[in-house]
Amino acid sequence: MEHEKIRELISSYHDSVLSAEQRRLVEEHIKECDSCRKEFEEMRKFEEVMDKMELKKPPKEVWQIYWSSVYNRLERRIGWILFSIGAIIILFYVGYKAIEGIIQDPTIPLLLKVGILGVLAGLVVLLVSIGRERIFVRQKERYKEVEK
Amino acid sequence: MQQETALNGDAVLLGAKNRMLEKKVLSEREILEVVQKGNKEAYQEIVVRYMQSAYYVALAFVHNQQDALDISQDAFIRAFRRIKKFDTEKPFFPWFYKILKNLCLDYFKRRQRRHEVPLENVRVLEVEHEDREMKKALWKGIEELPPEQKEIIILRYFRQFSYQEMADVLGKPIGTIMSSLYYAKRRLKGIVGKYLGFD
């Protein structure tokens, strides 16, 4: 069997996925072939190094609150949608009342009134959006102990 | 009346399944069938089972613990919202992995748009002092692998997935997994070799 094919098998040998026949092929080949035996040893050392590679662990508390974070976000979704719609309606109503005089003034052109209402609607949506973002950021500060 | 009885029967079944869940005797498929009925408590079993894999896969992609937590949780939320479309005859994680990976890729696109700092400089490894340089170089090597090889290395060495599990998650035959792993290992072995004195 060609060396390249044996080397591919060697690469999987230490993962214990080869069949008995494939393992036998590798073992017999490396008895005869110095370069493949060297490859086998180097791959063994490489696997040892890789087995010690670990990604940074978060504090244990992260796992304790992980599910509750997911659950809360699932639960709160509908609440947030209703809250946002309600807040937008209320703020828009309050804003409209504040500028009612301008809107009802027949001397002001219609285009300007539409523009003013557009600015008001945009402002309200932005305010609610920023408010929600602030609350989310505060919620996420529970992870402030997590090392970055 | 008949429909009411059927609904009551369903509720009784759900109650029984919840009690069985507490005793952890349900298979993943059975749990997911309960979740598909909108039962969030049952979903806890799935989240707890896969949260660490989800987090570490995301961390390997995004290199930031806070973002990895957020993305992995977002993926579970998104999966729950789409759970009715999930085929319970199939394993959950490969389906979930696609959602998670898409969120990680979205994260990269957002970072690119904002011209944020490259991720290579962010430390995500547990590193002992004596082999610090080698592991740093090795991680850099992993980062520079073609995307499909990088994914396989992450799943194999950082989550200890079997070849079959990797094939399921990535939707590729085992032979392709084996071959990609071989080429990835060859490249990475070259890096280790510089530190361990391979010729």
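# Why we call it that: a chat about chains A and B

Trainee: What makes B:Pro173 count as exposed?

Mentor: Remember that this is a predicted model. B:Pro173 has 10 C-beta neighbours inside 10 Å, and a residue with 12 or fewer is called exposed. So B:Pro173 counts as exposed.

Trainee: Where does B:Pro173 lie?

Mentor: In the loop between helix H8 (163-170) and H9 of chain B. Its C-alpha is separated by 9.4 Å from that of B:Tyr163, with the two residues 10 apart along the chain.

Trainee: And how much of chain B counts as buried?

Mentor: Of its 199 residues, 32%. To be called buried, a residue needs 20 or more other C-beta atoms within 10 Å of its own.

Trainee: What is chain B built from?

Mentor: Nine helices and one strand. Going from the N terminus, the order is α-α-α-α-α-β-α-α-α-α.

Trainee: Let's go to H9 of chain B. Why are H3(A) and H9(B) called roughly perpendicular?

Mentor: Check the angle. H3(A) and helix H9 (residues 174-196) of chain B pack at about 90°, with axes 10 Å apart. Angles of 65 to 115 degrees count as roughly perpendicular, and therefore that label fits H3(A) and H9(B).

Trainee: Which residues make that contact?

Mentor: From H3(A) you have A:Glu42, A:Met43, A:Lys45, A:Phe46 and A:Val49. H9(B) brings B:Lys185, B:Lys189, B:Val192, B:Gly193 and B:Leu196. By class, the contact of H3(A) with H9(B) has five nonpolar, one polar and four charged residues.

Trainee: How do you know that H1(A) is roughly perpendicular to H9(B)?

Mentor: It's the angle again: the axes of H1(A) and H9(B) cross at roughly 90° and come within 9 Å. With 65 to 115 degrees as the range, H1(A) is therefore roughly perpendicular to H9(B). On the H1(A) side, the contact uses A:Glu8, A:Ser11 and A:Ser12. On the H9(B) side sit B:Met178, B:Ser179, B:Leu181, B:Tyr182 and B:Lys185. Sorted by class, the contact of H1(A) with H9(B) gives three nonpolar, three polar and two charged residues.

Trainee: How many residues does each chain put into the whole contact?

Mentor: Chain A gives 29 residues and chain B gives 34. On chain A, H1 (3-13), H3 (34-51), strand E1 (54-55) and H4 (60-98) each supply at least two residues. The largest share of that side, nine residues, comes from H4(A). The side of chain A that touches chain B has 17 nonpolar, three polar and nine charged residues.

Trainee: Now H6(B). Why are its buried residues said to be on the same side?

Mentor: The buried residues of H6(B) are B:Lys135, B:Leu138, B:Trp139 and B:Ile142. They cover an arc of only 100° around the axis, so they sit on the same side of H6(B). Turned away from that buried side are the exposed residues B:Glu133 and B:Lys140.

Trainee: What span is expected for H6(B) at 1.5 Å a residue?

Mentor: 16 Å is expected, and H6(B), residues 132-143, reaches 16 Å from its first C-alpha to its last.

Trainee: Last one: why is H2(A) said to lie largely in the open?

Mentor: Count its buried residues. Of the 13 residues of H2(A), the number buried is zero, so H2(A) lies largely in the open. This helix, residues 20-32 of chain A, reaches 19 Å from its first C-alpha to its last, close to the 18 Å expected.

How values were computed
Residues are numbered from 1 along each chain as its sequence is written. Chains are lettered from A and ligands numbered from 1 in the order in which they are written. This is a predicted model: local features need pLDDT of at least 70, side-chain atom pairs count only at pLDDT 80 or more; totals for chains, interfaces and linings use all residues. Two residues are in contact if their C-beta atoms, placed from the backbone, lie within 7 Å. Helices (H or I, at least four residues) and strands (E, at least two) are DSSP runs, numbered from the N terminus. Ala, Val, Leu, Ile, Met, Phe, Trp, Tyr, Cys and Pro count as nonpolar, Asp, Glu, Lys and Arg as charged, and the others, Gly among them, as polar. Axes are lines fitted to C-alpha atoms, for helices over the stretch in contact, and angles run from 0 to 180 degrees between N-to-C directions. Angles under 35 degrees count as roughly parallel, over 145 as roughly antiparallel, 65 to 115 as roughly perpendicular and the rest as oblique. The expected span of a helix is 1.5 Å times one less than its number of residues. The arc is that of the directions from the helix axis to the C-beta atoms.
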